[in-house]
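Trainee: I am new to reading protein models. Could we go through this one together?

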Amino acid sequence: SRMNTQLITRSQDADFRVISGCFQLTEKVHMCRAKVSSRSCSYHNNLEDKKKDPTLTDSIMDIEDLVTFGAQQRVCPYYLARELRSTADIVFMPYNYILDGKTRQMFGVDLNNTIVILDEAHNVERMCEESSSFDLTSTDVAACIGNVTRCIEYVSRMREGMPADGALIPSNDEPAEDDEKDYIALKHILMNVETELDKLDVPPDGVTKRGDFIFDFFEACGITPVAKGAILEMCDKALSVLTTQAAFMGKGFALQKFSDAVKIVFGNATEDVLGMKQPSMSDVSHFYKVHIAVDKKAPKAKAGLWTSNGGPRQGRVLSYWCFSPGRAMSELVRNGIHSLIMTSGTLSPLDSFSSEMHVQFDVQLQNPHVIDSGQIFVGVLATGPAGKCLRSSYDRRSVPEYKTDLGNALVNIARVVPNGLLVFFPSYPVMSECIEHWKENYNIWERINKL
């Protein structure tokens, strides 16, 4: 059997012009599904003929190899990766494919009876919390209302026999009889969200409430555990329209954010796939917080969009924040995985890590550090050889004097430290900017490399 493969996303199918031209991953997913179901994607139609090619079956390909092969053979690298995954012993994928239930469903990741290995697991806590949190702004909600209004207008045009404005996906399907009713119902719910969000009394610094406040807020909007399935179906149906019509390109991102928010609060509608269940009130009140604040990044009010009773409204941000990585990790375990292995050099103390993850690790291995405490020196250089402040803040890191003195400091350090240096920068752009400056000024780069 094949030893390994790597799962790639539709966004890496860069040769497919229409889909790769989409603005968001969500659009790529919905458009891809539409083209595959209508058999109008030549790349997917070539899959059966190409998936047994010896180049694929007799070698191990990484992401770049699959994309190159797909471009040369005019076959979809995303679906090639899915085909290879079915026979692979080992599959490499990013954290969010494993930890985020929404992403697992989107890409059909089945974890039943698998051995999940999370390397560099000290990053898992943050990813788990982020996958169970969301921020929804007044601007997002208004955009959602606009999105659904477009869907209503689209259905109306189709019913009147008028052509759709530049369909990207050919289809002979007429809108279902209930489509317009569903879109109107969804728009009503979204307008309730806008109204309820506007009603909240928000001081200048914002207000924080217990996590279970989100249930009261959503219930006032008509979003309940009973209604969530229908709401998610309506969102998915609207997103399919928004991503297959050229006139709506780039319009579905806000609606996807709203759909994701409903999934996070109530769990996903497909519990048998994700193992996600509605969190209990006690869990939510203990591990979540709701924060409502003024949206300082909101654009200025536009006529007819941000007006209420004749006056402009102030944008809001509704945040639902998870403070327990155990929420996402518990969902992962409920997917029927055989074993969970987490490795890292910085997980100690293991007892507190296990408690935060809500997972009992029956086997634990903790080794002493290979570096003795006497071998470590920790210090701070406040200034360089010329006395310039070595502070790499955003407003200082591009100053020529800073880059020059930083380079000269490294030259002096390299003179006394044997066998080379390992230097970390805040980001790759900062590193590139410094190296470019050192190459052009005072032979700093040349002096560093000679030592």
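What follows is a set of questions and answers on this model.

Mentor: Welcome! This is a predicted model, in which local features need pLDDT of at least 70 and side-chain atom pairs count only at pLDDT 80 or more, while totals for chains, interfaces and linings use all residues. Residues are numbered from 1 along each chain as its sequence is written, and side-chain values use heavy atoms, leaving out hydrogens and water.

Trainee: How many helices and strands does the protein have?

Mentor: Happy to help with that one. Helices (H or I, at least four residues) and strands (E, at least two) are DSSP runs, numbered from the N terminus. By that rule the protein has 22 helices and 10 strands.

Trainee: What percentage of the residues count as buried?

Mentor: Relative accessible area, taken with a 1.4 Å probe and protein chains only, decides this: buried is under 20%, exposed is over 50%, and partly exposed is in between. Of the 451 residues, the share that counts as buried is 41%.

Trainee: Which element gives the largest share of the largest nonpolar core?

Mentor: A nonpolar core is a set of buried Ala, Val, Leu, Ile, Met, Phe, Trp, Tyr and Cys residues joined through side-chain atoms within 4.5 Å. The largest one here has 50 residues, and Ile223, Leu255 and Phe258 have the most contacts inside it. Elements giving two or more residues to this core include β4 (134-137), α12 (179-199) and α11 (138-159). The largest share, nine residues, comes from α11.

Trainee: Which residues does threonine 103 contact, leaving aside its neighbours within four places in sequence?

Mentor: Threonine 103 sits in helix α9 (residues 101-106), and its relative accessible area of 11% makes it buried. Contact means heavy atoms within 4.5 Å. With those neighbours left aside, the contacts of threonine 103 are Asn96 and Tyr97.

Trainee: Why does the salt bridge between aspartate 182 and lysine 237 tie together parts that are apart in sequence?

Mentor: Side chains of opposite charge can pair when their charged atoms come close. A salt bridge is a side-chain nitrogen of Lys or Arg within 4 Å of a carboxyl oxygen of Asp or Glu, and the closest N and O atoms of aspartate 182 and lysine 237 are 2.7 Å apart. Aspartate 182 lies in helix α12 and lysine 237 in helix α14, so the parts tied together are 55 residues apart in sequence.

Trainee: Is lysine 403 buried or exposed?

Mentor: Lysine 403 meets glutamate 433 in a salt bridge, at 3.1 Å from N to O. Glutamate 433 lies in helix α21 and lysine 403 in helix α20, so the pair ties together parts that are 30 residues apart in sequence. Glutamate 433 is partly exposed at 30%. With 7% relative accessibility, lysine 403 counts as buried.

Trainee: Which residue does a cis peptide bond join to serine 348?

Mentor: Look in the loop between β10 (339-342) and α19, where the residue in question is found. Omega is about 0 degrees for this cis bond, and the partner of serine 348 is proline 349.

Trainee: What is phi of asparagine 419 near?

Mentor: Asparagine 419 is found in the loop between α20 and α21 (428-440), and it is exposed, with a relative accessible area of 84%. Phi here is a positive value in a residue other than glycine, near 65 degrees.
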